[in-house]
Amino acid sequence: MPIPLLTATATGGPLDPAQLAALAALGFLGWRLLAIWLFPYAPCWHCRGTGKHRSGRYWRPCPRCQGTGRRIRLGRRIWDWTRNTDTTRR
Ligand SMILES: [Zn+2]
């Protein structure tokens, strides 16, 4: 799929701010998608990734992440959800 922005810059035309902003947004989006794909888990915010939660004097498994210390990123959930709906429709 050719990207019009890249071909426009390749012909030697000067970059205008709108093109730069579009490129930056594209790069940011690509980085986010890559991060979601490579690192689907983020540290649990409730227990800070330890998997344990202190209640009073005792340590218990964190109720948010069931003691794993990880939570699935929101983007990954949406990704899984779209994939699941696709497979059920077929
Ligand atoms: Zn947790």
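Is Gln-66 buried or exposed? Gln-66 is exposed, with a relative accessible area of 64%. Exposed means over 50%, buried under 20%, and partly exposed in between (1.4 Å probe, protein chains only). The model is predicted: local features need pLDDT of at least 70, side-chain atom pairs count only at pLDDT 80 or more, and totals for chains, interfaces and linings use all residues. Residues are numbered from 1 along each chain as its sequence is written, and side-chain values use heavy atoms, with hydrogens and water left out.

**View 1. The whole protein has three helices and four strands.** Along the chain from the N terminus, the order is α-α-β-β-β-β-α. Helices (H or I, at least four residues) and strands (E, at least two) are DSSP runs, numbered from the N terminus. Of the 90 residues in the protein, 12% are buried.

**View 2. Four cysteines hold the zinc ion as its protein donors.** They are Cys-44, Cys-47, Cys-62 and Cys-65, each through SG, at 2.2 to 2.3 Å from the ion. Donors are N, O and S atoms within 2.8 Å of the metal (3.2 Å for Na, K and Ca); water is not among the atoms, so sites may look incomplete. The spacing of the donor residues in sequence is C-x2-C-x14-C-x2-C. The site is tetrahedral, with angles of 102 to 119 degrees among the four donor atoms. Four donors earn that word if all angles lie between 85 and 135 degrees. Cys-62 counts as buried because its relative accessibility is 1%. Cys-65 is buried too, at 4%.

**View 3. Two loop residues have a positive phi without being glycine.** Most residues other than glycine have a negative phi. Arg-48 has a phi of about 60 degrees. Arg-48 sits in the loop between β1 (41–43) and β2 (52–55). Its relative accessibility is 75%, so Arg-48 counts as exposed. For Gln-66, phi is near 55 degrees. Gln-66 belongs to the loop between β3 (58–61) and β4.

**View 4. Two charged side chains sit over aromatic rings.** The charged end of Arg-70 is 4.2 Å from the centre of the Tyr-41 ring. Lys-52 lies over the face of Trp-59, 5.5 Å from the ring centre. A charge sits over a ring if NZ of Lys or CZ of Arg is within 6 Å of the ring centre and within 35 degrees of the ring normal.

**View 5. The largest pocket holds about 190 Å³ of space.** A pocket is an open set of points on a 1 Å grid over the protein atoms alone, where a 1.4 Å probe fits, with protein on both sides within 12 Å along at least five of seven lines; lining residues have an atom within 4 Å of a point. The volume is the space filled by probe spheres set on the points, which are joined across faces, edges and corners. The lining includes Tyr-41, Cys-44, Cys-65, Gln-66 and Arg-70. β4 (70–72) and α3 (74–89) each give two or more residues to this lining. The largest share, three residues, comes from β4.

**View 6. Arg-32 and Gly-75 are 8.8 Å apart in space, C-alpha to C-alpha.** In sequence, 43 residues separate them. Arg-32 lies in helix α2 (residues 17–38). With a relative accessible area of 39%, Arg-32 is partly exposed.

Methods. Four donors count as tetrahedral if all angles lie between 85 and 135 degrees; four count as square planar and six as octahedral if opposite donors are over 155 degrees apart and all others between 65 and 115; anything else is irregular.
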